[in-house]
There are 2 protein chains.
Amino acid sequence: MPTLEDVARRAGVSTATVSKVLSNTPYFTEATRNKVLLAVKEIGYVPNLAARALSSGKTQIIAVVFPYVYDAIFADPRILCVLEGIDAECNLRGYNLLISTPRLIEGSVDENYLQLIQSGYLDGVIALNHVPFASVLDPVIKKGLPAVSIGGPPSAYSVSSDHHAGGVLIMEHLLELGHRRIGIITVPDSINTGTEQLLQGIQDAAQAGGLDFNSLPKAVGDYSTASGTDCAAQLLRQHPDLTALLCLNDRMAMGALQEAHRLGLRVPEQLTITGYDDIPAAATTVPPLTTINQRSLTTGYEASRMLFELLNGQKPESKIIPVELVVRGSSAPPARR
Amino acid sequence: MPTLEDVARRAGVSTATVSKVLSNTPYFTEATRNKVLLAVKEIGYVPNLAARALSSGKTQIIAVVFPYVYDAIFADPRILCVLEGIDAECNLRGYNLLISTPRLIEGSVDENYLQLIQSGYLDGVIALNHVPFASVLDPVIKKGLPAVSIGGPPSAYSVSSDHHAGGVLIMEHLLELGHRRIGIITVPDSINTGTEQLLQGIQDAAQAGGLDFNSLPKAVGDYSTASGTDCAAQLLRQHPDLTALLCLNDRMAMGALQEAHRLGLRVPEQLTITGYDDIPAAATTVPPLTTINQRSLTTGYEASRMLFELLNGQKPESKIIPVELVVRGSSAPPARR
DNA sequence: AAGCAATAGTTAAACGCTTAACTCTATACC
DNA sequence: GGTATAGAGTTAAGCGTTTAACTATTGCTT
């Protein structure tokens, strides 16, 4: 592989000149610039990123970190959407994307990950901050790397969905349709801040509608479709009079949909089911899911924009991405009784 | 950040010694090894990967490349599964995963990507080789990097699903159920070798069953759910007597399912619909899809295993991953007429 | 005509690691 | 007792960039 020196020799200048021309440092004649550029083309020079990284301390690599919890990592289509947003932005700026999936063991993060963070290989990191008890961002911040968190603590630079609003929207939707006997398919308590806010929103809307949130039947799932099926089964068995199931994510809603079908309950005529996230599959279920769209693409995009501002030495404001109620076919007024 | 030299000073040895101890080169006393390891712990030394890369030529980074074609990139859940398999294996071996999504413009690949390949940042690459007309692997191979292709040309080191078998299985399934009037929802001709084999398998099974493949009604989609809906609508309009729709992927099958529902056709009683891929959502549609499972996780795993063998200087055999017919609720014998 | 600033380019050190080549024991062998 | 030999460790030369510090030239003021 040709090196800077080869280019320099060919162009009849010093390596410093070549380096500076390539990095657009001012103070060069057009003639020199052209000579250099020509030489680069002729011998097909491509800079060695490792050398550049060592010398400049900048690697042009940013990491997207999503810790391994539950099955919520690779099974979650939302991650792909967020990733797409991030990727698009990075591609534009010539940055490379490294993905890291640290294993969380006993509230701590695995050794590989720690090494990576400290290895000097990263210019910055974007974390999908699922778990409050072991922030994957702590080592990043300690190392002094620019970091932005998606759905993370507002303490850090972060972009999050407005989950409180999401909770309000979905509950209001159910109340407006006339539902009062609503089952909640939820997840373990405060698995992350986003969920807390979402539940709070649901609660606030319930209260406002004169419904006691605490007395609503609940079942605890783990985000997976299978758990949605189980929770729906359990709720409908114990409370056959429920007219709606509010699920904390789409995959559990899809599971609930399946269970409803198995029980011979027609959705939405006999049972309303709502989701949350608006994953691609939510639009294609039968009936398609009423849900909350989180604008995952925008989220990813904003996160990388924020990271790049940090890399430029700016101090961006944390962002809250608005959510949107998407009414599809899985919700309707409760049946007369 | 502490460097090798700091460790060496602290341990009272030379940097070479430290380096060798850390890389497990033989010929050291336990005492020395312990001294070094202790010093490493004490000052919290972590090797600088950029320096290591520059010096050794090994970066511990492998790239997963999936070109941007159609919407089939980030929208495709299969990619996540494959990625998960690759990630698991890389994590085990202490390698880092970089993802690259080259843009294909006029049969060529974008400049960023080319630079990355030649930058010396990569130890190897795994490509999801969707497009035959612009192999993203060409520049990789030219650069001399170990490369393995998933679903790529058998000319390269590759791991592919046995799509021919998949085609046979799904068509045989339909024939065994008694279907003869089968509509095919396909994609543009030979978009990739996998699809060619799949179609060939379908054709062979049809022939074996005494059915003329060429005379079967076909509609051309683009892998997306929406196109599945359109194709189904078109086929059912032009050929109301169809008893089954064979779709070349699950997402189009899900679209078809929606259209069937819209038309008031009950699946599978009045219309059988089959998919291909067995994406997670396929198990949760109503009714769940009969489809072909490609073992994406295994595919990813085998691809990285193969890459690591290449990195070790071995010459692995290309692998064909067997597929599996998954019979769910969307297929049944055709209705009497 | 001297002084100065801006422009154009060079030299060489530094980044932090690996590794070939070397030195210096201590032991083994005949 | 002399010579291999294997073990333990060191020295120093890279790897391919960037960049601070420097030199040289030109043009502009006064």
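Which residue forms a salt bridge with B:Asp87? The partner is A:Arg103, and the closest N and O atoms are 3.4 Å apart. A salt bridge here means a side-chain nitrogen of Lys or Arg within 4 Å of a carboxyl oxygen of Asp or Glu. Between chain B and chain A the count is two salt bridges.

Some ground rules first. This is a predicted model, in which local features need pLDDT of at least 70 and side-chain atom pairs count only at pLDDT 80 or more, while totals for chains, interfaces and linings use all residues. Residues are numbered from 1 along each chain as its sequence is written, chains are lettered from A and ligands numbered from 1 in the order in which they are written, and side-chain values use heavy atoms, with hydrogens and water left out.

Back to the two protein chains. 45 residues of chain B are in contact (heavy atoms within 4.5 Å) with 45 residues of chain A. Together the chains bury about 4500 Å², and 62% of that is on carbon and sulfur atoms; buried area is the accessible area (1.4 Å probe) that two parts lose on being put together, summed over both. There are also 16 residue pairs in polar contact, both at pLDDT 80 or more. A polar contact is a pair of N or O atoms within 3.5 Å; within protein, one must be able to donate a hydrogen and the other to accept it, and residues adjacent in sequence count only if both atoms are side-chain atoms. On the side of chain B that touches chain A, α5(B) gives the most, with six residues. Helices (H or I, at least four residues) and strands (E, at least two) are DSSP runs, numbered from the N terminus.

The chains share strand pairing too: β2 of chain A (residues 96-100) and β2(B) run antiparallel, joined by three bridges, where pairing takes at least two DSSP bridges between two strands. In this pair, A:Leu98 stands opposite B:Leu98.

Now for the DNA. 23 residues surround strand C, with at least one heavy atom within 4 Å of it. Sugar and phosphate make up 68% of the strand C atoms that come within 4 Å of the protein. Look at chain B: a side-chain N or O atom of B:Tyr45 is 2.5 Å from a phosphate oxygen of the strand, and one of B:Ser19 is 2.6 Å from a phosphate oxygen. B:Ser55 instead puts a polar side-chain atom 2.6 Å from a sugar or linking oxygen. The largest share of this surface, four residues, comes from α4(B).
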